[in-house]
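Here are some short exercises to work through with the model open beside you. Try each task before you read its solution.

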Amino acid sequence: MRVLGIETSCDETGVAIYDTAYSGGKGLLADALYSQMDMHADYGGVVPELASRDHTRKLLPLVEEVLAEAGLTRQALDGIAYTAGPGLVGALMVGAATAHGMARALDIPVLGVHHMEGHLLAPMLEDDAPEFPFVALLVSGGHTQLVSVEGIGRYQLLGESVDDAAGEAFDKAAKMLDLPYPGGPHVARLAEQGDPKRMRFPRPMTDRPGLDFSFSGLKTHTLTTLRELQSKGALDGQTRADVARAFEEAVADTLVIKCRRALDQTGLKRIVMAGGVSANIRLRERLAVECEKRNAKAYYPRGRFCTDNGAMIAYVGAQRLAAGECDAPGQMQATPRWPLDQLREPSACKTA
Ligand code: KG4
Ligand code: ZN
């Protein structure tokens, strides 16, 4: 089954085609991405209305691009999947309306899929894909969650952030350091030059049991530290890098401590890390060390599939559409808030 995947939940327009006739990454026939990052950078964050308008401009040209790359016509598609949430409602509507319109015209099934399920299963597109069951750490701009994954649609939430997401904390720390949006990669780059021994930032909620996270205190600590240094006239270039390093070390350590606990609690030996923050090299290094110690294995999507993309949506959509799941005709979904553990195993069409 050849499925067109459409991702428009935030500031990236992603489109891809996945074919279930092949397994793993070989099924990915084409993928294309347009990032709106430069446009939003001028405003220091995503402007929802501008995001929706830009998706409208870029989506159909990207659909043509992936069809050309795969050497297919629209008529060769067997289904369409789009991100139905969570995300910005206007941006989601662009993908949902386009997917439903195309599916109606082509008389093929269409399905709204969960953005975080896309991130969660993105490592399935790699040659070295994990087998079920595994623990997943989802770390994006909007979510920080530890999930026990038994199979597609069989997710149990183990813990999540009670306030800011890890990516959001990176973005806010970047703002405090006068770095551009989105801040994660910029903070990581600056942290490279920082001295890891100069400052130690708190590892929030690691001194008590449980798998929940909190990053707002770390954010306040970063701000207070920067203000104090500034008031002393001590905020030179090296000190900024040292602050970035202390912040990054604290986030990476906190996430890895909770991963270790999740592996202990579940007894599992495989862990998937996905979502934008999983691109962070320090976090990957820390997790690798931890996994080696306990004979566990970490799995990641390739760099460009860590952040938002159409390939993960095409993959999830293809698995579910192939099982017969689909939206009712004309019932497009755009759900800004949608807990991951509400998902169920793939099932036959809701309209049947
Ligand atoms: O998954 P994603 O592309 O979008 C959401 O679904 O939110 O994640 C974006 C987030 C942003 O907060 C960005 O700053 C962060 O991922 N990010 C990083 C890195 N690359 C992206 N954070 C830390 N280090 C990175 N290398
Ligand atoms: Zn995402």
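## Exercise 1: Two peptide bonds before proline

Pro 86 sits in the loop that runs between β4 (79–85) and α3 (89–106). Keep in mind while you work that this is a predicted model.

**Task.** What is the geometry of the peptide bond from Gly 85 to Pro 86, and which residue does a cis peptide bond join to Pro 182?

**Solution.**
- Step 1. Look at omega between Gly 85 and Pro 86: the angle is near -10 degrees, and the bond is cis.
- Step 2. Go on to the loop between α5 and α6, where Pro 182 is found. The cis bond here joins Tyr 181 to Pro 182, with omega about -10 degrees.
- Step 3. Set this against the general background: most peptide bonds are trans, and most residues other than glycine have a negative phi. The second half of that rule leads to the next exercise.

## Exercise 2: Positive phi outside glycine

**Task.** Is Asp 178 buried or exposed, and is Met 205 buried or exposed?

**Solution.**
- Step 1. Find Asp 178 in the loop between α5 and α6. Its phi is near 60 degrees, a positive value in a residue that is not glycine.
- Step 2. Check its accessibility: Asp 178 counts as exposed because its relative value is 67%, and the cut-off for exposed is over 50%.
- Step 3. Move to Met 205, in the loop between α6 and α7 (216–231). Met 205 is not a glycine either, and has a positive phi of about 60 degrees.
- Step 4. Met 205 has 18% relative accessibility, so it counts as buried; buried means under 20%.

## Exercise 3: The surroundings of ligand 1

**Task.** Which residues come nearest to ligand 1, and how much of its accessible area does the protein cover?

**Solution.**
- Step 1. Start with the shell: 18 residues lie around ligand 1, and those that come nearest are Gly 141, Asp 171, Gly 184, Gly 276 and Asn 280.
- Step 2. Sort the shell by type. Four of its residues are nonpolar, twelve are polar and two are charged.
- Step 3. Look for polar atoms facing the ligand. A polar backbone atom of Gly 184 is 2.9 Å from an oxygen atom of ligand 1. In the side chain of His 119, an N or O atom is 3.1 Å from an oxygen atom of the ligand. Asn 280 places a polar side-chain atom 3.0 Å from a nitrogen atom of ligand 1.
- Step 4. Turn to coverage: on its own, ligand 1 has 560 Å² of accessible area, and the protein covers 87% of this.
- Step 5. Identify the contributing elements. Those giving two or more residues to the shell are α4 (115–121), α5 (166–176) and α6 (183–192).

## Exercise 4: Salt bridges around Glu 290

**Task.** Where in the chain are Glu 290 and Arg 260, and why are Lys 293 and Glu 290 about one helical turn apart?

**Solution.**
- Step 1. For context, a search of the whole structure finds 25 salt bridges.
- Step 2. Take the pair Glu 290 and Arg 260, whose side chains meet in a salt bridge at 3.5 Å, N to O. The pair links distant parts of the chain, 30 residues apart: Glu 290 belongs to helix α9 (residues 281–293) and Arg 260 to helix α8 (residues 237–266).
- Step 3. Compare the burial classes. Glu 290 is buried, at 7% relative accessible area, while Arg 260 is partly exposed, at 29%.
- Step 4. Add Lys 293, which meets Glu 290 in a salt bridge of 3.7 Å, N to O. Lys 293 and Glu 290 are separated by about one helical turn because they are three residues apart in helix α9. Lys 293 counts as exposed, with 62% relative accessibility.
- Step 5. Finish with Arg 294, whose side chain also forms a salt bridge with Glu 290 (3.5 Å, N to O).

## Exercise 5: A nonpolar surface patch

**Task.** Which residues form a nonpolar patch on the surface with about 230 Å² of accessible area together?

**Solution.**
- Step 1. The patch is formed by Val 89, Met 93 and Met 332.
- Step 2. Locate Met 332 in the segment after α10 (310–322).
- Step 3. Check its accessibility: Met 332 is partly exposed, at 33%, and a patch residue needs over 30%.

Conventions:
Residues numbered from 1 in each chain as written. Chains lettered and ligands numbered in written order. Predicted model: local features only at pLDDT ≥ 70, side-chain atom pairs only at ≥ 80, totals over all residues. Heavy atoms only, no water. Near = heavy atom within 4 Å. Polar contact = N/O pair within 3.5 Å; in protein donor to acceptor, adjacent residues only side chain to side chain. Areas by Shrake-Rupley, 256 points an atom, 1.4 Å probe, with all protein chains shown as cover. Helix = DSSP H or I, 4+ residues; strand = E, 2+ residues; numbered from the N terminus. Nonpolar A, V, L, I, M, F, W, Y, C, P; charged D, E, K, R; others polar. Patch = residues over 30% accessible without salt bridge, like charges linked within 9 Å, V, L, I, M, F, W, Y side chains within 5 Å. Salt bridge = Lys/Arg side-chain N within 4 Å of Asp/Glu carboxyl O. Buried < 20%, exposed > 50% of the residue type's maximum accessible area, 1.4 Å probe, protein only.
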